[in-house]
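Open the model in your viewer, keep the selection panel at hand, and follow the stops below in order.

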Amino acid sequence: MSEEIIKNIIVREDEDYIVNMGPQHPSTHGVLRLEVCLHGEFVNYLIPHIGYIHRGIEKMSESDTYKQIIHLTDRMDYLSAHMNNEAVCLAVENALGIEVPERVKYIRVILDELTRLASHHLWWSAFGMDLGALTTFFYGMRDREKVLAIFEESFGSRLLHSFNIPGGLMHDVHPNFQKHTMEFVRYFRKKLPEYKQLLTDNIIFHNRTKGIGIMPCETAVAFGVTGPSGRGSGFACDVRKVAPYGVYDKIEFKEILHEEGDSFSRYLVRMEEMEESLNILEHVVDQVPEGDYTARMKPIIKLPEGEYFQRVETARGELGVYIVSDGKKYPYRIKFRSPNFSNLFVLNTLAKGGKIADLVAICGSLDLVIPDIDR
Amino acid sequence: MKNKEELIGFLTRLFPYATIQEGNQYAELFIPADKWHETAQILKSNDSIPFDYLISLTAVDYLTKFTVVYHLESTSTHDFIVVKTDVENREDPQIDTVSDIWITAEFHEREVYDLFGIRFNHHPDLRRFFMEEDDGYPLRKDFKDEINIIELPN
Amino acid sequence: MLLEIFSFSTLTANIDKSLHAWMAPWLAVVTELVIIGIVFLLFYAVLGLFLVYLERKVCAIIQNRIGPNRVGKWGLLQTVADFIKLITKELIPIRNADSFLFNLAPFIVIAASFMAMAAIPFAKGLHAIDLNIGIFYIIAVSSLGVVGILIAGWSSNSKYSLIGAMRSGAQIVSYELSVGLSLLAVVVFAGTMQLSAIVESQANGWWIFKGHIPALIAFIIYLIASTAEINRGPFDLAEAESELTAGFHTEYSGIKFAFFFLAEYINMFIVAAIAATMFFGGWMPFHIGHWDAFNRVMDYIPSVVWFFGKTFFIIYLIMWFKWTFPRLRIDQLLNLEWKYLLPLSLMNIVIIAFVVLMGWYFH
Amino acid sequence: MNSVIKYFTSIFKGIRSLWAGMRVTGKYFVSPGEIVTEQYPENRATLKMAEGFKGEVIMPHDENNQHHCTGCGICELNCPNGSIEIITKRIPNEEGKPERVIDKHIYHLSMCTFCELCIKTCPSHALAWGQDFEHAVYDRTKLTKVLNKPGSTLKKEGALL
């Protein structure tokens with residue numbers, strides 16, 4: 001089986017018509033360079049070149065305390081900053097055996113879903129723009145702005161809010177947090193049908209995405225493609241279901257799965273995930289109990305010797321944090337298994353044989369965030 | 001999903017040469033480096049718990065040796081194990097690639113090669129990702145770079 | 001029937017007469033040509049700047065924004081400022097580019113759009129030249145622009161440019177057919193190719209109403225095909241910025257880029273003006289059959305207003321498309337033309353010929 | 001015949017889906033609703049940042065030019081980027097013994113990543129967030145700030161800020 005899946009073999013020839021998409025190119029959404037070999041309009045093969053913004057977060061973390069690592073994780077996948085923070089916090093909390101207060105768990109879930117929504121807003125905006133529908137960009141940004149306003153009110157920053165600390169939250173949320181979240185849910189429920197009319201039902205959009213970049217489930221598993229991109233191929237990889245954390249085991253929600261595995265089903269998964277996030281928010285926002293916003297923690301956190309692995313579901317897939325501790329206040333080794341790193345390399349398999357315009361549609365539907373690839 | 005004891009029992013039966021630890025979270029499997037490739041094949045293709053999803057592949061530098069760590073999950077049964085192999089030779093570390101078993105390993109291995117300098121035998125395209133060929137291997141513990149790494153007094 | 005005070009023919013005739021009074025005939029003709037040239041040049045520049053401004057405002061309103069609002073009242077001078085910026089910018093020379101063709105290409109594009117302007121009747125009697133094959137001339141001339149685009153793409157020695165130019169070539173060559181056939185519909189109705197005569201033929205009702213269903217189909221086909229022909233809206237494959245950065249004008253900078261930009265907007269105006277002339281009666285006011293009182297009131301609105309009103313309505317339609325739809329792929333674009341638009345317009349021509357033969361349209 | 005019907009229905013379905021999209025944008029064209037963009041320099045007067053907005057780290061001083069910073073250096077230790085430097089001096093107190101007080105609390109805004117650890121860990125709550133966000137300067141050295149005002153002293157009694 002595996003031989004069939006491996007289509008990643010690249011044969012270079014001297015007369016290849018190579019087009020470099022990136023490091024600065026509108027559709028790569030960052031400093032990613034794709035060496036694309038074209039045959040007319042068709043893509044022969046494609047080699048991703050990464051590392052343009054490699055910052056060595058893993059190396060830096062080896063000389064930072066666990067509290068200080070948090071703010072570095074923000075800068076990996078900046079669109080799911082909260083989930084990245086949460087991964088490290090959960091790893092530390094599990095290692096120390098700390099039970100965080102219920103309030104923290106609920107607020108973390110709300111923030112998870114809000115971050116996911118904001119991230120999917122940006123993805124929707126950018127995906128539409130990749131395909132040439134420029135108005136989607138502004139509609140998506142308009143709605144994302146509402147989420148960011150909630151963030152700004154509670155955490156003081158809009159994108160990189162290092163709001164989690166091991167043991168709980170940095171400080172309590174704003175008193176209006178729940179009210180504004182509810183307002184946003186009501187607002188966005190009204191706006192979601194517009195998304196459907198503008199892009200989801202559009203015939204041009206269907207033509208551009210249906211049957212494009214088909215990724216069978218085996219390919220998704222073999223390449224480790226997780227998150228909405230993997231679930232678009234029917235790969236049930238939602239960490240919230242597989243290995244629940246926080247209060248996700250107490251909440252009822254659907255894991256969105258589509259079997260087709262093309263760009264359109266990846267699109268649909270994200271659209272339905274937005275709806276599901278709204279459902280979760282609606283369900284959870286009133287249940288937040290009163291209480292402390294942090295557990296009692298020692299000022300200097302030292303993990304017991306050993307190895308810890310924590311998985312969380314970010315907006316783009318499974319983030320794994322692997323900590324090796326030697327009992328000091330710094331981790332001996334920390335590794336972030338970033339979802340985008342795995343998601344990127346399936347691109348060659350998907351785009352091969354398609355047109356250059358399909359490459360844009362596939363790249364957009366995988367929803368890559370480049371700093372997460374490089375770390 | 002099996003519990004940890006069942007899983008360990010299953011793995012012991014499957015790999016008698018392996019050292020199996022309980023680990024503080026997941027079952028941990030130590031495989032000798034020379035047996036790693038065949039073990040990986042069995043892990044992927046056995047019928048009862050096929051570990052077909054390689055979540056993460058990384059290495060740890062213990063100054064005397066490297067340990068390559070694989071986190072594996074079975075998508076059908078959702079069992080999760082950690083597999084480790086030691087690479088003793090620190091001067092010229094080598095280990096067999098598993099990119100023919102889990103394709104995603106191809107890129108994770110390239111990353112590990114880039115950052116640790118562990119060579120993966122039979123890897124289809126072992127080039128450096130982030131750095132030039134003679135830049136050194138930054139995630140090794142003895143890596144020194146006076147210009148770019150500023151040691152903070154702590 | 002029309003109020004003569006709004007006719008520009010008296011004005012132009014007077015100018016002509018006074019020039020001839022104290023000049024040799026050849027000198028008078030040359031002077032007239034120069035005047036027309038200058039007037040057109042000014043009109044071209046102002047129109048281009050205004051259309052860019054209009055586009056930015058329209059898309060801003062659609063996107064819940066304000067749009068340009070810093071330079072001048074409501075940002076009216078924004079495009080003027082942009083233009084000043086563009087003419088003062090460095091013209092970056094491209095290594096290994098064919099510099100002669102590289103510099104020539106923007107002029108070909110702009111000349112093609114300039115020539116097409118000559119035949120458009122802007123108002124009653126306001127015509128640079130009233131050719132008896134006016135519509136044929138416009139179709140012929142406006143497709144010259146693709147030569148400039150192909151030259152630009154080839155000569156700039158960039159892979160993106162070349163792909164963009166090739167796409168543009170394939171696109172314009174195929175969409176020419178539908179544009180021609182859908183305009184032919186009106187020619188069949190009116191029985192002439194002279195633009196002024198076509199406008200006159202709509203004195204008692206515009207062709208879009210008089211020709212009912214076949215004319216409506218022809219209009220829709222024309223709108224789609226002409227949008228494709230000017231590389232706009234959902235058909236902007238030649239400069240698809242998410243795939244080809246900027247397509248054929250990737251390597252251009254400064255005023256040479258501005259020429260492409262300007263030509264694109266003027267082409268949009270020309271396309272809209274032709275649609276207005278052929279389907280919506282050009283400068284002809286809105287008349288309904290024998291409602292003389294109503295028609296009389298309509299006549300009081302100057303013909304220039306009618307012409308520009310209709311043109312800008314169609315320009316708005318084209319902008320509306322552009323800011324709503326995703327872009328097509330190149331094979332889908334050609335599919336749309338060869339599998340949908342062309343058969344439909346051919347069928348439509350046959351229907352129209354039949355309708356005209358039987359007289360089943362409003363006279 | 002079947003394929004002909006399919007051909008025409010596909011055209012009509014396509015046109016209908018396109019019209020649905022155009023209705024959305026058209027609706028916003030005729031009734032723009034709220035304008036979402038900020039008119040930045042003009043709305044400076046009304047632009048009020050949220051209470052906890054992370055603009056920059058400041059050290060609040062009261063009306064007597066007194067602050068709470070004891071110069072213990074915990075913020076310096078906790079800062080992941082080394083953006084805080086504390087320079088202390090020793091001055092004799094009332095009893096004549098030399099006492100460590102803060103001389104300069106240097107804050108490098110250019111290196112700050114707004115992680116809030118200095119503010120969170122300060123035992124005497126001497127630091128806080130400032131709401132100023134207009135940090136653009138022509139000279140990078142201007143981003144290095146001294147947080148304690150000249151001549152300020154330590155406030156020993158009274159409620160914590």
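Select D:I87 and D:K104 together: in this predicted model, D:K104, which belongs to β4(D), is the bridge partner of D:I87. Widen the selection to strand β4 of chain D, residues 98–108, and add β3(D), and you will have two strands that pair in the antiparallel sense over nine bridges. Strands of a sheet pair through backbone hydrogen bonds, either parallel or antiparallel, and it is therefore useful to display the backbone atoms at this stop.

Next, bring in β6 of chain D, which completes an open sheet of three strands in the order β3-β4-β6, with antiparallel pairing. At the edges of this sheet stand β3 (84–92) and β6 (144–146) of chain D, and because each has a single partner strand, one side of each is left without a neighbour in the sheet. From one strand to the next, the twist averages 25 degrees.

Now hide that selection and turn to chain B, where three helices and seven strands are found, running from the N terminus as α-β-β-α-β-β-β-β-α-β. Taken along the principal axes, the box filled by the C-alpha atoms of chain B is roughly 50 × 40 × 25 Å. Of the 154 residues in chain B, 54% are buried, and among contacts between residues at least 6 apart in sequence, 46% join residues at least 24 apart.

Finally, show the surface of chain B, which exposes about 6,900 Å², with carbon and sulfur atoms supplying 49% of it. If you colour by charge, chain B shows 15 positive and 30 negative side chains, and the centres of these two sets lie 2 Å apart.

Terms used:
Residues numbered from 1 in each chain as written. Chains lettered and ligands numbered in written order. Predicted model: local features only at pLDDT ≥ 70, side-chain atom pairs only at ≥ 80, totals over all residues. Heavy atoms only, no water. Helix = DSSP H or I, 4+ residues; strand = E, 2+ residues; numbered from the N terminus. Buried < 20%, exposed > 50% of the residue type's maximum accessible area, 1.4 Å probe, protein only. Contact = heavy atoms within 4.5 Å. Areas by Shrake-Rupley, 256 points an atom, 1.4 Å probe, with all protein chains shown as cover. Lys, Arg positive; Asp, Glu negative; His and termini not counted. Charge placed at Lys NZ, Arg CZ, Asp CG, Glu CD. Pairing = 2+ DSSP bridges. Axes fitted to C-alpha atoms, helices over the stretch in contact; angles between N-to-C directions.
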